[in-house]
Every structure is written in structure tokens, then in C-alpha cells.
Amino acid sequence: MIRKSWIIKEDDINKLRSFLLEKHGKEDLIDNDPNIKWRIRINNNIFILYKNNKFYIDIKDNSLLEDIEYIIGKRFKDYNLNTEIILGFDEVGKGEVLGAMVLCDIAIEKNRLKEIDNIIGSANTKERREFGYWKSIATSLSQLIKAQELKNIQPIFIDKYNVNELLDVYYMRMIRKLYDKFNDRTITIIIDDYNSGKLLKDYVSSLKAEVIIEQKADDNYLAVKVASVIAKRARANAMEKLREEYGNLGSGNLNDNATIKWLEEFKNNEYPWFVKQSYIQNKPKERFPVSNRFSFENGLVNIKDFYIFCSSCGNNIRSIKLGTIHKCYDMRCIHCNKIIKDANIEMLYYIGSIILDANIIIHSIISNDLNSTRLFEGFTFLIYKKVEDECNSQGGKAALERIANYKSIGMINLEHIEDSIYKNTDDTLIDLALKYNAILMTKDKPLYNKAQTQNIFCIV
Ligand SMILES: [Zn+2]
């Protein structure tokens, strides 16, 4: 059984009505309902047009749905693609002043389109819905999706840089991951156009894949619509968690009175981390630091090539020291011990991921920093299964939980990873740092030394 509804254009109403009557539809008498224009039945299938031009169907015969969608121009364009795998990309929270922007990618097989369509085709992604609504849809979809990733872009970076340039880089990274996974099959990449730049366009044109970058792709392509729904669900979840902690934030939109009222409570612009201050005050943005030091065509610098320049001693350093004074963290040159400002931002943009050793987790270094200095805001933390097992103490579990909590409010990204070839944990961490192109963070001297011989950038 399929239930769906659309708002229909005036021109399509007569086309629909004649189609249904041609199919031997029987028209009901609807004298006593002021909201209905007409109701037509074909056997057990019901078609209702409301006075506000909403067209509702409740049908058992699938072929009728296809015909109707053709007539009203609502059939998703994915059906016409000549491809095996469709990759859809979308983001939410770009316009809102509160909360991280959430990006989502998904991979689906073209031959599962119809099943996905039945679950999600009629969901209105523009409408604001309760968390439970998106959750139920996402749960049914999860069986049909081949791969999926969510990424947050934090307000602190949106305040600093041009949002579209940030999106270019984040999408390049997400595309590359999926492309590597499916490039033995024919791929179509579809991105809801946010005003994408040259960086992204040059990158996707280098791939062996059909690429569609279109506005309103979330209406026209099912794969993008799915990505949009999943991103919405994640953002709704994060906003809900923030509301629990910070009270009535409203929707996070600047035209929402509750949001404005909530923002007014803060004096001297001392806002919490999830407020995009550039949306309130007009601050000039910096150019996104596309490097001429590194090759950056894929939106990533190879971890073996990455270094940071210390302007105090003039060295290019391949590891950095995390210092702490009165619960405030800083990053220092491994040679001269001077603070290097914005080292975290360089690491975030060029690499983005940090793989954690157990000693970092157990000492709560990440959550302590996120609670104070926030050098690690925005990173993707990779936690290897065996490392997680090493944190199996009461304190370790609590520390893992705190990290997970920062992920749930959108402050960081978190991935749990495994490796099939098990060596000892240290060697595996090095392999994984190379495989995932991640910075290694450890307090363990032998592991650090080993990683440095492999040219892996470390935080110690
Ligand atoms: Zn130095």
C-alpha cells in the first residue's frame, strides 16, 4: 500500500483527472466535505484532490503511481540515469545561526530506487519535523543504503572562512572516499548545488563518473533527497541535545523569535560554541587556506607530506606538542617549545582526522580540551576497536562516553574503525594512520618514535 501526496500545478489537475477517468475511475459524491474538490476510485485505489490543490493517493497498484508521477512531473530523475551506483550529497544548517552545518553523503544502487522511493518519496524535507519522524524514516532506509557518512562543519570555521569554499573541500573528501569504494562499478555523483567552486568542479571532472551538480537536486533526485533527510535527522538530533542543555533555542533560524530571544540573553557577544557569530555581526572572512605548500587536488594532503612551519625557529615540524597551562591547551613546536598559533586549524584543513591512542582517551584529553580551549573542535576522531577495548575500565568508558557526547551535539566527528590484519596494536595504529590519512595522537614514546620513522605527523 502506498500513501503519498503532492501539491499539484493548476495545469496538471485536468490531465490527472482525465487520466483517472480513462482508467475507469469512479467519482464519489463529496457534497459534505468542504475541503475536497473531487475523489476518484479505481478498484481499491483512492485519489483525492483537495481544494488547496493537494493531491492525495492511497493505492495498492504500483503502476498507477509511476503514471501519476510522470503526469505531474514528480518522478525522480534518478530513474533515467544510466548507472549502477548513485552517490547523493546534501547539507543542512547552512542558513541557521545555531548549530553545526551537517553534510551527508549516501551511496545507493540504482536497482533499489523503487524500494527507497516507497519509503521516502513523499517526505517533505523542507518541512520542519520532530526528531521521531526522521528517525523512523532513516531506520527503514538503512537496509537499502550501501554507504553513508555524516560530517559536521563547526560554527567556528564557518565564522572564519567562506562557507562555499569549506563545502568544496569537505565534499571532495567525502566524494573521494565513496569513489574509491565503488569505482569498479559505474558511478553517478549528484550534488545539490550550493554555489560550488572551481576546486570541487576540477576535482570531480577528473573522476571516471557522471557528475550532476544542480540546484534543487534534493527535490529532483532521490539519492540527494535521502542524503538530505539523513542530514536533517542528524541536525535535529544535535539541536535537541543542545536544547536540553541550553534551553529554548528555537529552530536556530534568525527569523525565529525564540532563537532571537535566546541570543539576546548573551552580553558582550560571549556566545556558546555553536553560535555562528558571523551571522550576527558582519565580520570579514578569510580566504580558505588552499595551500601552495602542498598538493591539494583531492582536498587532502598526504599524511607523509604534511608538516607545520614554526615561525619562531624556522623549522618545518612533523610533530607537535600539546601543552597545558591552567586547564588551557596550546600547541607547541617540538624543537623550540614556542606556541604555534592556529596549528590546529592547519591540521584540520589539510588532514582533518586524528587517530587516538588509548592513553589519550583514558586521560580525557580531547573532552577536556573541548570543554575549555577547543583546539580539537571539528576534527574527525578515529577510534580503533582494540584501542576501545583497552579503555574498558570504568574511567575509560566514561571518557569514551564524553567524546561520544561531543559528537552527538555536532562539535566533532567520530568513527570507530577496525582492521582485518591484526598485528600488535602499535603497528596497527600506524597502518591505520596511513590508511585513513590521519594524524596520530599518543603519549607513548615508542609508538611516537615508530610513527615518526614512517613520516606520520603526530600530536604528543
Ligand atoms: Zn620552533
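A nonpolar core is taken here as a set of buried Ala, Val, Leu, Ile, Met, Phe, Trp, Tyr and Cys residues joined through side-chain atoms within 4.5 Å. In this predicted model, the largest such core has 103 residues, and those with the most contacts inside it are I175, I320, M347, L356, F376 and M441. Helix α6, residues 163-182, contributes the largest share of this core, with 11 residues. A second core, separate from the largest one, has 28 residues and includes Y79, I86, I212 and V229.

It helps to set these cores against the chain as a whole. The protein chain has 17 helices and 19 strands, and its C-alpha atoms fill a box of roughly 85 × 55 × 45 Å along the principal axes. Of its 460 residues, 53% count as buried. Among contacts with a separation of 6 or more, 67% are between residues 24 or more positions apart. The exposed surface of the chain comes to about 21800 Å², of which carbon and sulfur atoms supply 45%. As for charge, the chain carries 67 positive and 64 negative charges, and the mean positions of the two sets are 1 Å apart.

Two residues give a closer view of the packing. M347 is one of the residues with the most contacts inside the largest core. Apart from neighbours within four places in sequence, M347 is in contact with F306, I308, I320, M331, G352, F379, I439, F457 and I459. I320, itself on the list of residues with the most contacts in the core, is thus among the partners of M347.

I366 offers the second view. This residue lies in helix α13, residues 365-371, and counts as buried because its relative accessible area is 1%, against a cut-off of under 20%. Beyond its neighbours within four places in sequence, I366 is in contact with L356, I360, F376, F381, I403 and M441. Of these partners, L356 is 10 residues away in sequence, and the C-alpha atoms of the pair are 9.5 Å apart in space. L356, F376 and M441 return here as contacts of I366, having been named among the residues with the most contacts inside the largest core.

Turning to the sheets, 7 strands form an open sheet with mixed pairing, in the order β14-β13-β19-β18-β15-β16-β17. Its edges are β14 and β17; each has a single partner strand, so one side of each is left without a neighbour in the sheet. At one end of this order, β16 (residues 380-384) and β17 run parallel and are joined by 5 bridges, with T380 standing opposite N413 in β17. Although β17 is an edge strand, this strand, residues 413-417, is mostly covered, with 4 of its 5 residues buried. Elsewhere in the sheet, β13 (residues 319-325) and β19 (residues 458-459) are also parallel and are joined by 2 bridges; S319 has C458 as its bridge partner in β19.

An open sheet of 5 strands follows the order β1-β5-β4-β3-β2, and its pairing is antiparallel. Here β1 (2-7) and β2 (26-27) are the edge strands, and each has a single partner strand, so one side of each lacks a neighbour in the sheet. The pairing of β2 with β3, residues 36-42, is antiparallel and spans 2 bridges. Within that pair, E27 stands opposite I40 in β3.

A further antiparallel pair is made by β7 (residues 101-109) and β8, over 7 bridges. M101 has I153 as its bridge partner in β8. Strand β8, residues 147-153, is largely enclosed by the rest of the structure, because 5 of its 7 residues are buried.

Finally, the backbone of one loop deserves a look. Between β14 (328-333) and α11 (343-350) lies a loop that holds N337, and D342 is found in the loop between these elements as well. Phi of N337 is near 65 degrees, a positive value in a residue other than glycine. For D342, phi is likewise near 65 degrees, again positive in a residue other than glycine. N337 counts as partly exposed because its relative accessibility is 35%, and D342 is partly exposed with a relative accessible area of 31%.

Technical notes. Residues numbered from 1 in each chain as written. Predicted model: local features only at pLDDT ≥ 70, side-chain atom pairs only at ≥ 80, totals over all residues. Heavy atoms only, no water. Buried < 20%, exposed > 50% of the residue type's maximum accessible area, 1.4 Å probe, protein only. Contact = heavy atoms within 4.5 Å. Areas by Shrake-Rupley, 256 points an atom, 1.4 Å probe, with all protein chains shown as cover. Lys, Arg positive; Asp, Glu negative; His and termini not counted. Charge placed at Lys NZ, Arg CZ, Asp CG, Glu CD. Pairing = 2+ DSSP bridges.
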